[in-house]
Each structure stands twice: as C-alpha cells, then as structure tokens.
Amino acid sequence: MSGSRSEKMPLCSWLLVLSLAALTGKRNTLCVITTLQTERNCSASPPYLPSTAVNTTVQLKELRAHMISLNISAYIIPGTDAHLSEYIAPRDARLAFMTGFTGSAGTAVVTQTKAAVWTDSRYWVQAERQMDCSWELEKDVSISSIAEWLISEVPSGGEIGFDPFLFSVETYENYNINLGSSNRSLKSIPVNLVDQVWKGRPAIRPDGLIRLPDAVIQRTWQMKVEEMRKKMRDNPYRPTALLLSALDETAWLFNMRGEDIPYNPFFYSYTLLTMDEIWLFLHTERLTEDLRSYLNASCNGPLCVKLKNYTTVRNHLQEYVAQSGIKVWIGIEYTNYALYELITPVDKLMTSSYSPVLTTKAVKDEREQQILRDAHVRDAIAVIQLLMWLEKEVPLGTQTELTAAEYVDKCRKNQKDNKGPSFETISASGPNAALAHYSPTNESSRKLTVEEMYLVDSGGQYLDGTTDITRTVHWGIPTDLQREAFTRVLKGNIEISRTIFPSGTRGANMEMLGRRALWEVGLNYGHGTGHGVGNYFGVHEWPVGFQTNNIPFTSGMFTSIEPGYYKDNDFGIRIEDVAVIVPTKTKYGNNYLTFEIVSLVPYDKKLIDTSLLSMQQIEWLNKYYETIRTLVGPELDRLQLQKEKDWMLTNTEPFMFLENSAAVTSSMLSLFTLVITLYYNII
C-alpha cells in the first residue's frame, strides 16, 4: 500500500504546484531573449543604420544653402504648427521631413556643420531608430539645453533664424533669456525655410469639409459668444477683444468640426471677438451656403460672423491694434509669436496662461458629461472585442502588432457614432512596448506571442465624445518583475482614482500618488500622469491634467490617469483610464471632489499580485468591476453579444479576501478547491 501510494505522490505534487501557479502567477523559469539590433550605431565603422532610418542628406544640404543666403548661422525647427498644436497636419510635419524622426515632441537645430534633435525620454529609442548619422540626439527638451548648444556652435555675433509662427510667446522669451549676453541673437523669418526645400509638401485639402457636429449640444454658438463677452466685461482689465489661436478654441466656440488635422476634428482657423463684432479667419472657399447661413455671415450685428481668409489674420489684427482704446486678450500658451509681436504697445495687450475659451471648455456641462460617459460604454465593447480576439488568436502564432491595431480600429467602426480613431493606435509587444509612444509599421511590426507582454493604447472619436484607454496583458506566464511592476502601476492608478481632495486642488499636487508605489522599489516612468479629454475634440485637451501648468481641478472635468513603467528592450506597462471629477461627501468638509472612472475594461488578472495591494485597493477594484458589469452588461445584451458578455463577466469576477490579506478571484479559489479534492481522492 505504501508503495502504491508513493507512486501517486508525484502526480499530487504536480497538481499542487499547478494550483499555486494559478493562484500566484509566479514562475522560476529562465528565459533568454535575443533581439536584432534596431538602433543606429554611428560610432561603428562603417556606421550601422537600421532599415527604419531616413537619409536626410539632400534636405540638409538645401536648407544650409538657404541659410547662407540669409546670413544666419543656425536655424531652429520646432515640431508644431502655427497654432502650436500637438497633433499636426502632414503639411506641417517639418521636423519629420528634415530629420526622419516622427515623434510628437521635439526640436531640431541646424548649423552649417552640425544638426541635432532634442526630445524627451518617450522618444529616445524611436529617434535612434529613425535618424541617420547626420543628426545628434540630445536627451533633453529644455530651451536652456538648446541655447547652450547654440552658444557653443554659433560664432559670436551670429544670428539664429526661426519662423515666428512656430514659436509661442514663452518659447521666444525663453530663448532670449538663455541666449542672454552671449552676443547671439534670434532673427525672425516669417517665410519658413523648410517649406522652401520641401518638394512635394502636402497641400491644404481644397475639399476638406468644415461642418457641424451631429451630436446634440446644449450651448449654441451664440450662447458661447455671449458667455465669452461676459467674461471680458467682468475682467478688471477691460479687454476690448479676445484673440483665439488654438484650433480647438474656434471649433468649440462655433460648434464646428473639420478634417485638417489627423485624428482631431479641427480646421485651420483664428477668431477675433469683440463686444460687437466677430471675425472668423478660415479657408472660406470650403464653407457651404448652409454654414454661412448658420454663422449669420450675411448680416451686420454683434451675433453676425464676418468671414475672412485664413492668411489675412496678421494684417487684420495689425489694423485692429492700430486703433485707439484697444486691449487684446490672449492666452499665452497657444498664441504664436507672429501675432503677439503685432500687439504693441504693451498697454494694448492683456495676457493669461489660457484663454477663457479653454478654461470654460474644460468643464463639461451635464449634457456633455452624460454623452461622454455613453461614448466610453460603447468604446469599452470595442476594446473587449480586441482582447477576446487576441486571447484566442495569439496562441496560434498568426497575429502581429499591426493586425491587432487594425482590429481594434475595425471594432470601433462598428460602434454607434464612431468617426475614427482619436490617435494612432499604440500596439506594442516585448521591447517595442518599452517605447511609450511606439506605433507599428509594416517594417517594425512584431509577431505577438504568449511569451511577451502586450500593450495597447487606443482611442476613438465619437460624435458624443473622445476616448483613450490603455491595457497591458500577458497571454502566457509573466515573470515576477512583470507582475510586480504591473501591480505597482495599478496601485498608482488606484491611489489617484480613489483620492478625495478639495475643489481647486491642482493635479500636480497629487501626481506623485501615481508614482509612489514605483518609487518605493526604485522604478519610475518618463511621461505625464494624465491629460484632459474632450467631447469629439482632442484626445489631449489642455489645460486639464497633472502637470504644473495645468489649471486646478473642478467638478465636471475629464482627465486620463495613466502611470506606467518601461524596461528598455524588454517590456512596457501602462494602465490608462479616463475619469470625470465629481463631488463627494465627507464626514466634516464640504466642496470635496474625487475621480469616477468612465473607462470600462477589466485589467489582466494574471498580472496582478494581490499580495501587494491593500484591502482598500482591492475593495476599489471590486467596486470598479461591478461598475463595468452594471454599465457594459446591458449594452452587450442590447447588441446580443453573448460571447463578449461571458468574457466580461469572467474577467470582472470579484477578488476574495484570504486571512493574510491577499486576494484571489472566485475562479482561482474554485481551482484550488478542485485540486485539494483531487488530492484526497487520489490518496
């Protein structure tokens, strides 16, 4: 008997090991990962360039010839447009054309002998993959760093050219301060030199539509205009005009949308609003007769819009400022230097960090809040469909980062009122996920496998709202480091989400909550912790967020919450949810707020080490999962998506507490019970 029993013990032992693995997700296997060289090596002989690097010899040679004709020693190339936009049209991608680097943040500087690009840590690896050896990579974004480089490379007395339409007021002033008494000076060149050498530069779409959004919006453009005029009247400095330069300002004010900017429903425009007149600068040839009628363009009066050609804004502003008794209100953050320099003398200028349009737009009214919530319910279904599909397909070894990105876009197209993605989908596995803003191409797309983590950051534009959500998953057995890092990122997300704070608190004052669990073990991430989100507007909607230059939080604002961690050439983790700021009750104080998550997709449970979570954090997770069931479940029923509902229910099972304060899901507990039962049946 003992012999026969001893023969059965190994099987029992294996069952126990498997049950513990299911409960903890830990493994002790040693994995060896080999990767191909994907970054340039300019010190090699000959220099090594990956296939993704762009040859920029011709454009540099031609640009330098123009610089000689203008007698400038250096030329600055920002990665923005005349409206200081984050997302820019292909015709404004001058930084990418000159350098090959396509990141959304960066500045290039060219002299006769050198060329360099400055960008932040999100894009260092990407830049090394895309640039040839004509360019130095400066791992900084500060103007002081650029100025130091200029002082070392530009001879005393040299002039540094720039396009004033691509400089903010603050940027211009910072360059002046940092160049200081170095005997190097800025030279404004309103005709952009990159445009002069860019053969085949994309044109403005003559057929690009300017239209009204189809969603029901409570505030008419006339109501918004009167609201802005009231803010002007109430301002103690008594501005006579408000100049709007950011593209979303004009789009919001007139409840209009366009197609000039990828992923953002904006159109090239400026607005000059006075107490009795409205001037709208845009490509007038693209306006339909219905829109002209909508804007009351054929009448004269305080609520009649005078349509002007986009390129005449500088001349018209100059004429307006030449009058006596004028004071123009601008938001410094989004007004370019080409317009700012016209508003002289200084007593004709009034500034604030952001225009009253941006600060007003940041707070959604009740209707806007509800439709933005509704958009996130539908969007959650698209992401659930992606994760379900990948869970089935990846073990078969047939899918790539690119096919996954295409699939989630297709899932969103099937949702009501979808108008396309809100940004280029970040679909990244293994070492590509360590690049915070990597998007796959035909050349870079990697096959998805059960051996690597996968990060998908995607979003949709809907007529009622804009969405942005990131989930990180693993289809195999994650390493201990991956589970710990993921759980610590999740802790940061939860700690911000469950925070109660007084109205008017700045996001920068609570941002460290998203990093604290990572800092405790010496981990961190190199990007912001959150940004505002709009109603069929920009996916990054300023001035809401967790940075020092964001405005204080108030009820009705929407922000993302997105801590992360990235291990170079190995894996990347980000957990991103969108939340609305809502009032909450406290025991003693009034006027307190908290975050309510409106993104509704569960987190990957095999990546969660519940022993690292507090009881309060687990309770928060269970409540969040119950919210997903309550809000997404009925929509899945309505659409008769039973498989998706089953997947959602399985992945939102509540965590159950054990005596040691760790937690497991009920399915894991059932597995453990089954193993114990098998053990006793065997023996």
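Helices and strands here are DSSP runs: at least four residues of H or I for a helix, at least two of E for a strand, numbered from the N terminus. With that in hand, load the model, which is a predicted one.

**Stop 1: residues 60-179**

Select residues 60-179. UniProt, in an unreviewed entry, lists this range as "domain: Creatinase N-terminal". Over this range the chain is 38% helix and 18% strand. The end C-alpha atoms of the range lie 24 Å apart.

**Stop 2: the six-stranded sheet**

Now show the strands β1 to β6. They form an open sheet of 6 strands, in the order β4-β3-β2-β1-β5-β6, and the pairing is mixed. Go to the edges, β4 (136-138) and β6. Each has a single partner strand, so one side of each lacks a neighbour in the sheet. On average, neighbouring strands of this sheet are turned by 25 degrees against each other, direction ignored.

Select β1 (residues 74-78) and β2 (residues 107-111). These strands run antiparallel and are joined by 5 bridges. Pick Ile77: its bridge partner in β2 is Ala108.

Add helix α2 (residues 57-69). Helix α2 packs on the sheet and touches β1, β2 and β3 (115-118). The direction of α2 makes about 65 degrees with that of β2.

Next add α6. This helix also packs on the sheet, where it touches β1, β2, β5 and β6. The direction of α6 makes about 150 degrees with that of β6.

**Stop 3: the loop after α2**

Which residue has a positive phi although it is not a glycine? Select Asn71, with a phi of about 60 degrees. Asn71 sits in the loop between α2 and β1. Most residues other than glycine have a negative phi.

**Stop 4: β5, α6 and β6**

Isolate β5 (residues 159-162) and β6 (residues 185-188). The two run parallel, with 4 bridges between them. Zoom in on Glu159, which stands opposite Ser185 in β6. Bring back helix α6 (residues 169-179). Together β5, α6 and β6 make a β-α-β unit, and the unit is right-handed.

**Stop 5: a cis bond before Pro345**

Jump to Thr344 and Pro345. The peptide bond from Thr344 to Pro345 is cis, with omega near -5 degrees. Pro345 lies in the loop between α12 (337-340) and β14 (349-352).

**Stop 6: helix α14 and its partners**

Select helix α14 (residues 366-393) and helix α18 (residues 615-638). Their axes are 10 Å apart, and the helices pack at an angle of about 75 degrees. Angles of 65 to 115 degrees count as roughly perpendicular, and α14 and α18 are therefore roughly perpendicular to each other. Show side chains. Val377, Arg378, Ala380, Ile381 and Ile384 in α14 meet Leu631, Val632, Glu635 and Leu636 in α18. By class, this contact of α14 with α18 has 7 nonpolar, no polar and 2 charged residues.

Keep α14 and add helix α19 (residues 642-651). How do α14 and α19 pack? They pack at an angle of about 85 degrees, with axes 10 Å apart. That makes α14 roughly perpendicular to α19. On the α14 side, select Ile384, Gln385, Leu387, Met388 and Glu391; they meet Lys643, Glu644, Trp647 and Met648 in α19. The contact of α14 with α19 has 5 nonpolar, 1 polar and 3 charged residues. Ile384 meets α18, and Ile384 meets α19 too.

**Stop 7: residues 371-581**

Select residues 371-581. The UniProt annotation here, from an unreviewed entry, is "domain: Peptidase M24". Over this range the chain is 27% helix and 21% strand. The end C-alpha atoms are 15 Å apart.

**Stop 8: the three-stranded sheet**

Show β16, β17 and β20. They form an open sheet of 3 strands in the order β16-β17-β20, with antiparallel pairing. The edge strands are β16 (426-429) and β20 (469-474), and each pairs on one side only. Neighbouring strands of this sheet are turned by 10 degrees against each other on average, direction ignored.

Focus on β17 (residues 453-458) and β20, which pair in the antiparallel sense over 6 bridges. Pick Met453; its bridge partner in β20 is His474. Then add helix α15 (residues 401-413), which packs on the sheet and touches β16, β17 and β20. The direction of α15 makes about 145 degrees with that of β16.

**Stop 9: a cis bond before Pro543**

End at Trp542 and Pro543. A cis peptide bond joins them, with omega about 10 degrees. Pro543 is in the loop between α17 (516-519) and β22 (558-561). Most peptide bonds are trans.

Definitions and conventions: Residues are numbered from 1 along each chain as its sequence is written. This is a predicted model: local features need pLDDT of at least 70, side-chain atom pairs count only at pLDDT 80 or more; totals for chains, interfaces and linings use all residues. Side-chain values use heavy atoms; hydrogens and water are left out. Two strands pair if DSSP finds at least two bridges between them. A crossover is right-handed if, with the strands pointing away from the viewer, the path from the first strand over the helix to the second runs clockwise. UniProt positions are given in the numbering used here, feature names are shortened, and annotations may be inferred rather than shown by experiment. Axes are lines fitted to C-alpha atoms, for helices over the stretch in contact, and angles run from 0 to 180 degrees between N-to-C directions. Angles under 35 degrees count as roughly parallel, over 145 as roughly antiparallel, 65 to 115 as roughly perpendicular and the rest as oblique. Contact means heavy atoms within 4.5 Å. Ala, Val, Leu, Ile, Met, Phe, Trp, Tyr, Cys and Pro count as nonpolar, Asp, Glu, Lys and Arg as charged, and the others, Gly among them, as polar.
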